[in-house]
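This report looks at the empty spaces of one protein chain and at the aromatic rings within the chain. The structure is shown first, and the description follows.

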Amino acid sequence: MREGSAPQPRTTVRDRYFDTLRALALIRVVTYHTFGWPWVGMVFPSMGIMFALAGTLMAKSLERPAPKVIRSRVRRLLPPFWFWGLFVVVAMLIHGWMPGWQIVFWVVPLGDPPGNAWGEQAWEILWYLRTYLWFVLLSPPLLKLFRLAPVPVLLLSLSPVLVLHFLWEPPDDRFGNALTDLATFLFCWILGFAHREGVLARLKPFAVTVLSLAALGLGAWYAFTHQEETGTYDLDDIPLAQAFFSAGFVTLLLYAKAYFKVDFAALIRFRRLDRIVTIFNSRAVTIYLWHEIALILAVPLIDRFWNVPAFERYLPLESQWFMFGVGWLLIGAFVLLCGWVEDVAAKKKPRLLP
């Protein structure tokens, strides 16, 4: 810096490739919960992608002291969860729910928070927050282990799901559910480490492609050949298939980023699209938490439309696509009304939109 020149402010440059993947993953989640199509997980395994991206960011953050990083991650997660949970818990209490000691999981979701059937559609998505929180807590020792032998640890991270499937069936309770989800997405989380540490970029394209396609094929094969056991080929219901298919799919996405230096920097030229991606990433927790409630509220709202003759005549009120659109309008409303909590949790000035 030249003598007398003013210091330049430090700016954080967002990776638009990762931001775009996260936005698409959220759109895919809402789409799946609207239409229930079992095949969408094979088109875009959103949960594996979200865990891999979170693992990458966690590895980057752990360049700082681990306790400080964990506190920051927990602080960013819990206030939006508490704000959302207040409405869900009160609604369930009004509808006859009486919690026991397990209500502590509505404070810190280290286990599945309890609830009644009336609110199940709203709280069943919390498995992701629970799994994410456990990965955050486990990341310091996992990252140290990964650095000892990066490639072997990455490959062996698929072994827990094999153990749980073939050697020991976990109990059907909070502990078993948490263990299964951790095993299912462990590879994706550690794959995020591999990207951040530069391990992926050093691997040979042929080996990565062959192993990724093999994992994709194994996951799809297992899902389609075991439909009699699960009643579906939906990856969400088949942990082993989910683990391998997500592993193959997400590896190709992250390897493309590492090897070909894909960055989607040109997205900034499309201002509206770039703005949408920014909002999705800045309000990711809000969108994820509130999207099911938005879809729930869309049903009685559309029912009211039938009382308006013009709406009944000209709007496709029976179409799920119409409900999908109304759901997104309600999600947008929740982003405006509730998204500021994410700003508060991040110690930023609250804003309607980022």
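In this predicted model, the second largest cavity is lined by P80, F83, T286, L289, W290, C338 and V341. Two elements, helix 4 and helix 15, each give two or more residues to that lining, and helix 15 has the largest share with three residues. By class, the lining of the second largest cavity holds six nonpolar residues and one polar residue, with no charged residues. The volume of this cavity is about 30 Å³.

A search of the whole structure for cavities of 30 Å³ or more finds two. The largest cavity contains about 50 Å³ of space and has 13 lining residues, among which R28, G41, L235, D236 and Q242 lie nearest its centre. Helix 1, helix 2 (40-43), helix 3 and helix 13 each contribute at least two residues to the lining of the largest cavity, with helix 3 supplying the largest share, three residues. In contrast to the lining described above, charged side chains are present here: the residues divide into five nonpolar, five polar and three charged.

**Pockets**

The four spaces, two cavities and two pockets, are set out by volume and lining in the table.

| Space | Volume | Lining by class |
|---|---|---|
| Largest pocket | about 1800 Å³ | 15 nonpolar, nine polar, 18 charged |
| Second largest pocket | about 1200 Å³ | 19 nonpolar, eight polar, twelve charged |
| Largest cavity | about 50 Å³ | five nonpolar, five polar, three charged |
| Second largest cavity | about 30 Å³ | six nonpolar, one polar, no charged |

The largest pocket is lined by 42 residues, and those that lie nearest its centre are R14, R22, L57, R73 and R76. Many helices take part in this lining, with at least two residues each from helix 1 (16-35), helix 3 (46-61), helix 4 (66-94), helix 6 (127-148), helix 9 (174-196), helix 14 (271-282), helix 15 (284-305) and helix 18 (340-345). Among the contributors to the largest pocket, helix 3 gives the most, namely six residues.

Around the second largest pocket there are 39 lining residues, with N177, T180, D181, D236 and P239 nearest the centre. Two or more residues of this lining come from each of helix 1, helix 5 (120-123), helix 6, helix 8 (159-167), helix 9, helix 12 (227-230) and helix 13 (239-260), and helix 9 gives the most, with seven residues. D236 thus appears among the residues nearest the centre of the second largest pocket and also among those nearest the centre of the largest cavity.

**Aromatic rings**

Across the whole structure, 38 aromatic pairs are found. One of them joins F35 and W37, whose ring centres are 4.2 Å apart and whose planes meet at 10 degrees, so the pair counts as stacked. The two partners are placed as follows: F35 counts as buried, at 10% relative accessibility, whereas W37, at 25%, counts as partly exposed.

The pair of F324 and W328 is edge-to-face, with 6.3 Å from centre to centre and 90 degrees between the planes. Both residues belong to helix 17 (residues 320-338), where they are four residues apart and are therefore separated by about one helical turn. With a relative accessible area of 13%, F324 is buried, because the cut-off for a buried residue is under 20%.

One aromatic cluster brings together F51, W127, Y128, Y132, F135, F185, W189 and Y288. A ring can also lie beneath a charge, as with F18, where K257 lies over the face of the ring at 5.8 Å from the ring centre.

**The chain as a whole**

The chain has 18 helices and zero strands. Its radius of gyration is 21 Å, close to the 20 Å that the globule rule gives for 354 residues, so the chain is as compact as a globular protein of that length. The C-alpha trace spans about 70 × 65 × 45 Å along the principal axes of the chain, and buried residues make up 49% of the 354 residues.

How values were computed. Residues numbered from 1 in each chain as written. Predicted model: local features only at pLDDT ≥ 70, side-chain atom pairs only at ≥ 80, totals over all residues. Heavy atoms only, no water. 1 Å grid on protein atoms, 1.4 Å probe; cavity = no way out; pocket = protein on both sides within 12 Å on 5 of 7 lines; lining within 4 Å. Points joined across faces, edges and corners; volume = space filled by probe spheres on them. Nonpolar A, V, L, I, M, F, W, Y, C, P; charged D, E, K, R; others polar. Phe/Tyr/Trp six-rings, centres within 6.5 Å; stacked < 30°, edge-to-face > 60°. Buried < 20%, exposed > 50% of the residue type's maximum accessible area, 1.4 Å probe, protein only. Lys NZ or Arg CZ within 6 Å of the ring centre and 35° of its normal. Rg over C-alpha atoms; globule rule 2.2 N^0.38 Å.
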